[in-house]
Amino acid sequence: MKHKLPELCYAYSALEPFIDAKTMEVHYTKHHQAYVDKLNIALEGYPNLQEKPIEKLLFNLERIPEKIRTAVRNNGGGHLNHSFFWRLLKKNVKIKENLLEVIERDFGNFEIFRKEFSEKAVGLFGSGWCWLVIDDGKLKIVATSNQDNPISDGMIPILCLDVWEHAYYLKYQNKRADYVENFFKIINWEQVNKNYLDGLVRL
Ligand code: MN
């Protein structure tokens, strides 16, 4: 079984003006596609691994043969992270009351959460991702380098932001903080809530 680019359930322009259509198109058809292609190449000759969902591979990285472990980590992570990220983006979605209550329980209030998430995303050195995860039953903000996913460290992601330059450079150039600020206008809270509820079941 070959991994495939998942369908993008909206137009490239759907997130304008916060994420421009050109960035979406290049990000999805070039960057994400490249991770998928390189993952498939890495898994050639490993039919039992080809059948496994990518989450399983990343959850048990130490069980991946050493020869392809880095390729699976980087490209499998790239595929999983982007597939997860696309579904988290939508304009004009309000946060659900129940999720807001959990954020208030674990961070104090929404503004503190927003500030902490933004600072982590803006301050991340180099390329990586900023995440809201469930860890030990509580919400927590973590950053990962490159294409690493928090599931490799036993956490359950419910929200993420791509802070690789390819995610924002065409429109924002060096102004990562503006990109992060605008991200908060296009969070698909319905999906975050779904990820949270699914995550609780997996605990
Ligand atoms: Mn990306």
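This short presentation walks through the metal site, the nonpolar cores and the aromatic contacts of one structure. Please bear in mind throughout that the model is predicted.

I begin with the metal site. Which residues supply the protein donors of the manganese ion? They are His27, His82 and His166, each through NE2, together with Asp162 through OD. These donors lie 2.0 to 2.1 Å from the ion. Along the chain, the donors follow the spacing H-x54-H-x79-D-x3-H. Within this set, the pair His27 and His82 links distant parts of the chain, as the two residues are 55 apart. His27 belongs to helix 1, residues 21-43, and His82 belongs to helix 4, residues 66-86. Are these two histidines buried or exposed? Both His27 and His82 are buried.

I turn now to the nonpolar interior. In soluble globular proteins, nonpolar side chains tend to be buried together. In this model, the largest nonpolar core comprises 53 residues. Phe113, Leu159, Tyr179 and Trp189 have the most contacts inside that core. Strand 1, residues 128-135, contributes the largest share, namely 6 residues. Where does this core lie with respect to the two domains? Domain 1 (20-86) and domain 2 (97-202) both give residues to the core, and therefore it lies between them.

Tyr179 merits a closer look. Setting aside neighbours within four places in sequence, Tyr179 is in contact with Ile19, Phe85, Leu161, Asp162, Val163, Ala167, Tyr168 and Tyr172. One of these contacts, Asp162, is also a donor of the manganese ion. There is, in addition, a second, separate core of 13 residues, which includes Leu39, Leu57, Ile68 and Val72.

My next topic is the aromatic residues. How many aromatic pairs does the structure hold? There are 16. One of them joins Phe107 and Phe113 in a tilted arrangement, with 5.3 Å from centre to centre and 55° between the planes. Phe107 counts as buried because its relative accessibility is 11%, and the cut-off for burial is under 20%. Phe113 is likewise buried, with a relative accessible area of 0%. Elsewhere, Tyr12, Tyr28, Phe84, Phe85, Trp86, Trp129 and Trp131 form one aromatic cluster. Phe85, a member of that cluster, is among the contacts of Tyr179.

Finally, I note two charged groups placed over rings. Arg114 lies over the face of Phe184, at 5.1 Å from the ring centre. The charged end of Lys171 sits over the ring of Tyr172, 5.7 Å from its centre. Tyr172 also appears among the contacts of Tyr179.

How values were computed. Residues are numbered from 1 along each chain as its sequence is written. This is a predicted model: local features need pLDDT of at least 70, side-chain atom pairs count only at pLDDT 80 or more; totals for chains, interfaces and linings use all residues. Side-chain values use heavy atoms; hydrogens and water are left out. Donors are N, O and S atoms within 2.8 Å of the metal (3.2 Å for Na, K and Ca); water is not among the atoms, so sites may look incomplete. Helices (H or I, at least four residues) and strands (E, at least two) are DSSP runs, numbered from the N terminus. Buried means under 20% relative accessible area, exposed over 50%, partly exposed in between (1.4 Å probe, protein chains only). A nonpolar core is a set of buried Ala, Val, Leu, Ile, Met, Phe, Trp, Tyr and Cys residues joined through side-chain atoms within 4.5 Å. Domain bounds come from an automatic or database domain assignment. Contact means heavy atoms within 4.5 Å. Rings of Phe, Tyr and Trp (its six-membered ring) pair if their centres lie within 6.5 Å; planes under 30 degrees apart count as stacked, over 60 as edge-to-face and the rest as tilted. A charge sits over a ring if NZ of Lys or CZ of Arg is within 6 Å of the ring centre and within 35 degrees of the ring normal.
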